[in-house]
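Please open the model in your viewer and keep the sequence panel beside it. The tour below moves from one selection to the next and says what is to be found at each stop.

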Amino acid sequence: MKPPVIELAGIVKTFGALRANDGVSLSIEAGSIHALVGENGAGKTTLMKILYGLYQPDAGTIRIAGEAVRLRSPADALARGLGMVHQHFMLVRPLTVAENITLGKETTTGPFLDTARAAAAVRALSDRYGLAVDPAARVETLSVGQEQRVEILKALYHGANLLILDEPTAVLTPQETEELFAVLRELKAAGTTIVLITHKLREVLDLSDRVTVMRGGKTVGTRETAATSIPELAELMVGRPVLLTLEKKPATPGAAVLALDALAANDDRGLPAVRDLSLTVRSGEIVGVAGVEGNGQAELVEAVLGLRRIATGEARLGGVRLNGLTPRAIAALGVAHVPADRLKRGLVLDFPLADDLVFGRHHEPAFRKGPLVDRAGVRAFAAARLAEFDVRPPDPTARAGNLSGGNQQKLVVAREFTRDAQLLIAAHPTRGVDLGAIEFIHREIVRQRDAGRAVLVVSSELSELLALSDRIVVLYEGRIVHETSAAATDERTLGEYMTGRAASVPGPRA
Amino acid sequence: MRALRELVGPLLAVVGALVVGAGFIAVVGQNPFAVYGKMAAGVFGNAYGIGQVLFRATPLVFTGLAVALGFRAGLFNIGAEGQCVVAAFAVAIVGATFAGWPAIILLPLCIVTAMLAGALWALPPAILKAKVGAHEVINTIMMNFIALALVQYLGHDAFVHATVRTTEIGAGARIPRLEAILPFFRGSPVNLSVVLAGLAAVFVGWLLWRTTFGYELRAVGLQPAAAESAGIPVPRTRVIALCLSGALAGLVGTNFVMGYKGFFEAGFSGGVGFLGIAVALLGRNHPAGIVLAALFFAALSYGGLVINTDVPKELVEILQAIVILFAITLHVAIERRGRRKAA
């Protein structure tokens with residue numbers, strides 16, 4: 001066994017009463033790919049921020065190549081060969097690729113920047129590791145996958161021989177993910193050590209040599225990847241056996257509930273985002289919307305909900321034309337909605353749970369007495385829903401902002417799934433939610449379908465769409481380019497359509 | 001429990017400011033204990049002092065509530081000053097024009113005039129915010145300048161010759177002084193509009209936490225995107241909130257014009273509109289807190305008069321500024337600690 005390049009022992013980091021890291025020990029072998037998995041709040045990110053010099057541990061030691069070190073800043077970490085690729089890229093978008101990569105360590109001739117030499121240095125690096133990217137391109141013109149390469153090149157340019165990647169595949173298509181993995185294997189072959197933070201267990205098995213599982217601020221186990229399995233890792237993460245496959249009966253679609261006819265809508269800049277989109281969602285079926293983010297999914301949902309103007313075309317709900325109706329009027333027709341961004345749109349974080357549980361439903365007769373809030377009605381409803389959906393803590397006076405991501409999402413689900421609705425729209429229903437809650441939310445979505453509602457699910461997780469949906473449509477540049485039954489497709493095929501590589505099927509009016 | 005925790009920051013701010021103020025008093029060569037003692041005795045030691053404090057607190061409650069209601073809706077109303085000036089002028093004109101009318105009509109008419117004028121003055125920035133997203137801070141400041149200029153201009157005709165005040169309002173528009181009912185307050189200017197201020201505080205609390213509209217208003221203030229998704233008409237809620245804010249600021253006119261002088265006088269406000277921002281801040285945008293903060297600033301203001309033979313009168317202004325600085329920094333510090341505990 002090779003010597004560990006990094007050894008963490010007894011790392012403790014507390015924030016007030018919370019022990020985010022509670023005696024973490026981790027040893028990473030030089031030249032290996034080491035995966036770090038765990039649910040949200042398990043302490044992965046805190047640990048990596050300590051390693052990258054962003055946080056100082058309260059106790060414990062960090063050894064790099066055998067030497068005990070104190071990392072006081074990211075510059076410190078970088079000087080010792082640690083580079084980090086954040087989940088949200090830290091690039092200056094109007095600058096070129098070469099300018100971004102050399103930022104902080106610019107190539108100069110006298111007092112002037114030497115852009116030619118910068119470009120040459122970047123080209124040399126990208127050739128060596130097979131990270132194809134144009135040094136002269138502006139970052140704002142790049143795709144997400146390319147931006148990520150720039151981040152990796154930046155770390156390498158600054159001398160990193162250990163790369164920490166935080167959820168690197170969260171924003172990538174299946175194809176981009178495969179390309180990234182090829183690059184990472186290349187880097188490993190060249191001697192670079194890689195730490196991969198993720199919650200996607202399949203990727204762990206595909207790529208890593210070893211995997212460490214964290215739960216509740218502690219490392220609960222390290223396994224050789226070859227000797228473990230997804231169920232074992234899932235159980236370590238959650239602390240109990242997890243049902244990973246979703247049981248559902250075949251769909252029995254009924255009447256059309258949502259009918260979109262040649263719908264078009266613009267984005268915030270006034271550019272076309274949804275184009276000539278026709279789609280029917282029937283009662284008792286789940287239709288999944290796949291697509292790389294930013295291909296019109298958000299605008300489509302907003303247009304249906306009345307939050308965005310329908311430019312041309314028509315949306316009908318059970319025969320009622322939705323064009324021009326207010327969001328409240330549309331909701332009152334029987335539309336439940338789990339917003340993509342629960343923190344920004346789904347909940348008021350500073351409200352107590354009881355207030356959030358009726359948020360958007362507060363004008364329903366059960367929750368008001370004329371112009372007044374019916375506090376008893378709200379409280380009774382809240383207490384019942386908190387128990388029914390197992391939200392923790394089940395305290396109606398707790399602040400929503402203090403709950404975990406999974407419990408916040410359960411709060412939204414408890415509110416929306418108990419509406420008297422014909423249509424349920426769920427956007428990224430399990431994003432940032434832990435495994436236990438994912439299992440729960442998926443079961444509830446299927447129950448909604450079985451209760452006869454029409455369900456539209458938007459997600460960037462293809463495995464989620466494949467598990468949940470009866471039918472899947474792929475959105476590319478605002479158009480439906482592919483429609484299929486979920487049983488007849490796979491991630492690879494969907495990925496081809498998502499990136500526009502596969503020929504689009506001729507639409508009804510194309 | 002939560003209410004107690006909310007009190008910690010403002011109380012620390014007040015204590016901290018008084019300690020720093022003691023330093024200033026010592027620097028000008030006076031004994032801080034003696035000066036504070038004299039201040040306390042002058043303010044709280046007799047009915048006249050208490051009456052003065054109530055009188056000075058009344059407009060601060062109105063403007064504090066006005067600013068706080070705006071804050072709750074996510075709007076920073078810096079225009080309370082202009083709103084109360086315009087409202088006071090309007091009250092004086094209406095009260096003088098219909099001087100012969102009986103109190104039963106004129107008194108409510110004048111109060112409604114004050115509220116409508118204040119609301120009207122808040123309406124342009126409110127509409128600009130709702131329709132084109134123009135920032136209400138800039139626009140309410142601009143409305144302050146327009147208010148002062150407008151009152152000056154109309155004053156050419158309205159002011160009594162060679163003065164900057166209007167003619168007297170009718171007897172029916174006068175709000176009785178408290179001394180008329182409670183001889184205890186003999187000589188002090190406190191009047192029944194202090195009761196109106198108390199009612200306004202209760203109303204704002206009721207509106208915010210008991211009505212569906214208040215629930216929507218708070219949601220719009222905390223997370224406008226979430227409010228929009230929940231089907232709440234965000235622009236309309238903002239317009240109504242800012243107009244209600246202006247109406248509350250307009251009620252300042254009742255205290256000065258109807259309850260005290262009986263006429264409008266240029267420069268009467270003494271900046272209560274701006275001080276209302278400090279009151280809302282120290283009172284944590286809560287009606288009960290605002291009443292306490294208004295009483296505190298009022299006591300400080302009158303206390304400054306009591307001791308102005310011993311220390312420069314600027315001391316009071318320095319104390320006010322320090323309280324505000326402490327209130328802001330302590331609030332941030334306490335929030336951060338609270339968040340870390342909760343995280």
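**A helix to begin with**

Select helix H6 of chain B, residues 136-158, whose 23 residues reach 31 Å from the first C-alpha to the last, close to the 33 Å expected at 1.5 Å a residue; the expected span is 1.5 Å times one less than the number of residues. Helices here are DSSP runs of H or I with at least four residues, strands are runs of E with at least two, and both are numbered from the N terminus. This is a predicted model, in which local features need pLDDT of at least 70 and side-chain atom pairs count only at pLDDT 80 or more, while totals for chains, interfaces and linings use all residues. Residues are numbered from 1 along each chain as its sequence is written, and chains are lettered from A and ligands numbered from 1 in the order in which they are written.

Within H6(B), colour B:Glu136, B:Asn139, B:Thr140, B:Met143, B:Asn144, B:Ala147 and B:Val151, which are buried. A residue is called buried if 20 or more other C-beta atoms lie within 10 Å of its own, exposed if 12 or fewer, and partly exposed in between, with C-beta atoms placed from the backbone. Now add helix H4 (80-97), helix H5 (103-132) and helix H10 (234-250) of chain B, which are among the elements that cover these buried residues.

**The whole of chain B**

Widen the selection to chain B, whose secondary structure comes to 14 helices and 0 strands. Along its principal axes the C-alpha trace spans about 65 × 60 × 35 Å, and 52% of the 343 residues of chain B count as buried. The radius of gyration of chain B, taken over C-alpha atoms, is 21 Å, which agrees with the value near 20 Å for a compact globule of 343 residues under the rule of 2.2 Å times the number of residues to the power 0.38. Among contacts in chain B between residues at least 6 apart in sequence, 77% join residues at least 24 apart; two residues are in contact if their C-beta atoms, placed from the backbone, lie within 7 Å.

Next, centre on B:Val67, which has its place in helix H3 (residues 47-72) of chain B. Is B:Val67 buried or exposed? B:Val67 is buried, because 31 other C-beta atoms lie within 10 Å. Leaving aside neighbours within four places in sequence, B:Val67 is in contact with B:Asn77, B:Ala80, B:Gly276, B:Ile277 and B:Ala280. By way of contrast, turn to B:Ala96, which is 29 residues from B:Val67 in sequence and 29 Å from it in space, C-alpha to C-alpha.

**Where the two chains meet**

Show both chains together and look at their contact, which takes 18 residues from chain B and 26 residues from chain A. On the side of chain B that touches chain A, the elements that give two or more residues are helix H8 (212-222), helix H9 (224-229) and helix H14 (314-342) of chain B, and the largest share, 5 residues, comes from H8(B).

**Across to chain A**

Chain A has a secondary structure of 17 helices and 24 strands, and its C-alpha atoms fill a box of roughly 70 × 55 × 45 Å, taken along the principal axes. Of the 510 residues of chain A, 47% count as buried.

Select helix H15 of chain A, residues 435-450, whose 16 residues should span 22 Å at 1.5 Å a residue, in agreement with the 23 Å between its end C-alpha atoms. The buried residues of H15(A) are A:Leu435, A:Ala437, A:Ile438, A:Ile441, A:His442, A:Ile445, A:Gln448 and A:Arg449. They cover an arc of only 150° around the axis, which puts them on the same side of H15(A); the arc is that of the directions from the helix axis to the C-beta atoms. What covers these buried residues includes strand S15 (286-290), helix H14 (405-416) and strand S22 (454-458) of chain A. H15(A) is followed by A:Gly452, whose phi is positive, near 100°.

Finish at A:Gly159, in the loop between helix H5 (144-157) and strand S9 (162-166) of chain A. A:Gly159 is partly exposed, with 13 other C-beta atoms within 10 Å, and A:Gly159 touches A:Leu78 and A:Gly81, not counting residues up to four places away in sequence.
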